[in-house]
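I set out to record the salt bridges and the exposure of the residues that form them. The structure is shown first.

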Amino acid sequence: MGKVREISSRLLELNPDIAILIETRVKKNKADNIRKRLKLRDNYLDNYNKHDNGRIWVYWNENNVNLKMICNTDQMVHCGVYDSKGDWMYWMTAIYAQNNLEQRKKLWADIETLQNQQQGPWFLMGDFNNVLKSRDRIGGRPVTESEYRDLSSMMDATSLYEMDSSGDHYTWSNKQSENTIYSRIDRVLGNIDWLQQDYNLTVMHPSVSDHALLCLKGGGDTKRRRKTHFKFLNSSADLDGFLKAVADSWNVKISGTPMYVLWKKLQRLQPILKNLTKPLSDVKLHITNARDALLKAQMDLGLDRMNVAKIDLVKHCNEDLLKWQEVEEKILQQKTKLDWLKLGDGNNSYFHASLKTRTTLKSINVLHREDGTQITNQEDIEEEVTSFYNKLMGTADTNLNGIDITVMREGPQLSNAQREKLIAPITEKEIESALQSIGDLKSPGIDGYGAYFFKKAWKIVKPDVLAAVHDFFESGRMYKAANCTLVTLIPKSKEAKRIKEYRPISCCSTIYKIISKVLTKRMGEVLTSIVGQNQAAFMPGQVIHNHILLTYELIKGYNRKGGTPRCMMQLDIQKAYDTIDWKAMESVLHEIGFPKQFTNWIMLAVTSVSYRFNINGNYTTFMKAKRGLRQGDPISPLLFVIMMEYLNRCFQRMQKNHNFNFHAKCEKLGLTNLCFADDILLFSRGDTGSVAIMMEAFDKFSQSTGLKVNPAKCFIFFGGVDQETKNDIKRITQFEEGKLPFRYLGIPMTSKKLAIHNYMDLIDRIVGRITHWSSK
């Protein structure tokens with residue numbers, strides 16, 4: 001009975017809204033008596049219907065929350081948590097896993113089923129009876145990979161992550177003086193939606209139990225409301241009291257890993273900044289009041305023109321009006337992302353028009369499914385978006401071949417000096433330079449903080465930012481919530497109807513951008529030594545017009561019937577950034593000479609990403625990525641260039657095939673392809689053998705990287721090729737024959753002199769931009 005009294009005492013002391021008791025070992029006929037001794041309320045859930053000992057008891061304070069059972073098993077109790085008004089807040093699963101490995105596999109399967117049936121914040125708390133890392137046990141037998149493989153696989157499949165905790169790392173002990181064992185088997189797992197909530201986990205001392213007490217505490221009001229997502233307004237940094245408000249909140253200590261501490265401090269600061277910026281919520285009213293005050297002061301001055309006090313009042317009112325005008329302009333400028341206009345030119349009407357255009361552009365009010373059915377409901381649109389991208393980026397291709405390492409090793413490799421420079425200790429100067437290189441008007445990530453906040457509050461936040469970045473590079477840890485990316489969908493054309501006709505633009509958190517910028521800067525310094533000159537995008541010293549001029553020279557004479565037969569293929573890689581296989585990318589980086597440590601940094605940054613989609617201002621639930629690169633991640637373009645270098649080396653190997661014949665004017669240059677990001681042109685002699693060999697080389701690249709062409713959008717152009725050979729080549733490639741002129745890198749290309757009508761589309765765009773600007 002002493003243990004019962006101790007547990008009761010601790011519960012009274014903590015007074016939790018929800019209490020989970022596990023390993024109760026109490027028969028059902030004795031349960032009521034023990035509950036009375038524990039002084040627990042009548043609101044409880046258990047799993048006696050699944051196990052004789054009712055292994056899990058869940059209690060709650062009905063004055064603050066209410067729980068509704070969804071399902072239970074002998075190893076879990078799953079329920080919905082509601083506030084006192086009956087509004088749903090989140091899902092909660094109490095866990096007490098069996099000691100038997102096979103029985104735990106059933107629990108992992110049940111958790112995967114739950115994940116597929118619900119959306120929104122969800123956490124799982126309790127005794128998982130399973131270590132998760134090799135350091136999760138000291139004493140006893142060493143941890144083996146087979147012990148945590150199943151749990152780790154379940155977490156990967158469900159995109160659940162272990163919450164960071166303060167207090168002792170180990171949560172269980174056998175309490176033996178000999179053969180002492182400590183292990184971490186009690187934990188809290190949560191999805192990205194849960195990790196975004198303001199909760200902290202503390203491992204408290206075990207007292208009379210073998211297990212430590214896990215205490216999950218919210219930092220504020222946990223009631224679920226329709227959120228207006230926080231976004232830091234740059235103009236708020238100019239308000240009186242900004243730095244003091246930041247410092248007062250920031251200097252309150254938080255325990256945990258450096259990136260966790262930084263993330264939680266940013267979250268804690270949000271309501272403080274919201275309160276500080278309330279005067280900015282209705283700038284137009286302030287402008288109207290300031291204008292009225294100025295008019296009144298000027299009228300009063302007109303009655304007594306030499307009155308010094310009235311002259312000073314007019315001056316003050318004038319300054320106040322200009323201040324609020326500048327504030328409005330700064331807010332609108334940030335929202336429209338138009339940093340190419342100078343402040344002070346009275347651009348407000350232009351900004352308003354641009355903001356309306358951007359809002360309309362990002363709105364998705366109607367979508368068509370692949371079967372042609374039209375959807376207009378917000379929930380249906382969100383489901384269509386998440387379903388599409390889960391198939392595209394949330395599912396890895398398991399049927400790919402490995403890359404040909406001999407092909408990669410035949411080209412240039414990084415030198416030892418370059419390798420050492422890549423993994424040199426990260427300096428404070430690099431971190432600060434990375435932050436300064438991020439534009440003040442760049443969209444913030446899911447936390448709402450753009451780079452401007454960090455720049456203005458740098459003296460306050462600097463130690464925590466430096467610690468978080470250094471921790472990433474030194475310990476190889478990335479706090480999952482900090483790498484959750486907010487995705488905005490932009491239509492590729494005004495006619496966009498299906499979700500595949502929208503382009504995903506990723507908004508990464510500033511802390512992630514700093515890390516990515518540091519990696520990008522270092523990688524950019526060595527890129528020219530390992531990437532061929534046939535690539536122009538993002539390469540120092542290469543310019544886009546070099547490819548345009550070279551292509552123009554190569555297609556001269558394509559309109560003639562005679563001459564050396566030749567052909568050019570224009571490839572369209574479908575969803576190029578979104579379908580890159582991570583394993584292939586890691587292999588390419590390794591084989592091209594990047595040191596293992598640098599490769600690990602990149603892979604951690606790329607593979608720890610998850611996504612939420614911004615659909616008409618509503619954020620979808622998170623989606624864990626399994627492949628692809630983010631459009632909006634600073635390092636993505638360079639990684640794509642390196643993947644295209646593998647394609648280039650596949651073609652270099654192909655050139656050694658004596659049956660391959662070069663395109664006219666290309667043999668001396670050793671030129672078979674031009675790449676500008678995912679705009680690819682292939683050149684060969686116009687014969688079936690050469691084209692077949694080239695397609696075989698590309699297929700080899702495709703089958704190992706996941707990058708595939710869309711034959712319906714690929715074209716082949718012929719010069720001096722007879723009709724029968726044309727037909728044979730089209731059967732080999734499955735490409736349609738293209739017609740000149742065609743558009744390459746935005747410029748019309750043809751073998752003849754271009755007429756004015758060929759340039760009209762380009763001219764119209766330029767005129768439209770000038771007209772739009774001059775009409776502001």
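The entries below concern the salt bridges I looked up in this predicted model.

Entry 1. I searched the whole structure for salt bridges and obtained 33.

Entry 2. I looked up Lys-133 and found a salt bridge to Glu-162, with the closest N and O atoms 3.7 Å apart. This pair links distant parts of the chain, the two residues being 29 residues apart. I located Lys-133 in the loop between strand S7 (122-127) and strand S8 (137-138), and Glu-162 in strand S9 (residues 161-162). I then checked exposure: Lys-133 is partly exposed at a relative accessible area of 36%. Glu-162 has a relative accessible area of 19% and is buried, because the limit for that class is under 20%.

Entry 3. I followed the connections of this pair further. Lys-133 and Glu-162 belong to a network of salt bridges that also links Asp-136, Arg-184 and Arg-187.

Entry 4. I turned to Arg-409, whose side chain meets that of Glu-591 in a salt bridge with an N to O distance of 2.6 Å. Arg-409 lies in helix H12 (residues 405-409) and Glu-591 in helix H19 (residues 582-591), so the pair ties together parts 182 residues apart in sequence. For Glu-591 I noted a relative accessible area of 9%, which makes this residue buried.

Entry 5. I looked up Lys-730 and Glu-737, whose side chains form a salt bridge at 3.9 Å, N to O. Are these two residues buried or exposed? Lys-730 counts as partly exposed at 24% relative accessibility, and Glu-737 is partly exposed with a relative accessible area of 30%.

How values were computed
Residues numbered from 1 in each chain as written. Predicted model: local features only at pLDDT ≥ 70, side-chain atom pairs only at ≥ 80, totals over all residues. Heavy atoms only, no water. Salt bridge = Lys/Arg side-chain N within 4 Å of Asp/Glu carboxyl O. Helix = DSSP H or I, 4+ residues; strand = E, 2+ residues; numbered from the N terminus. Buried < 20%, exposed > 50% of the residue type's maximum accessible area, 1.4 Å probe, protein only.
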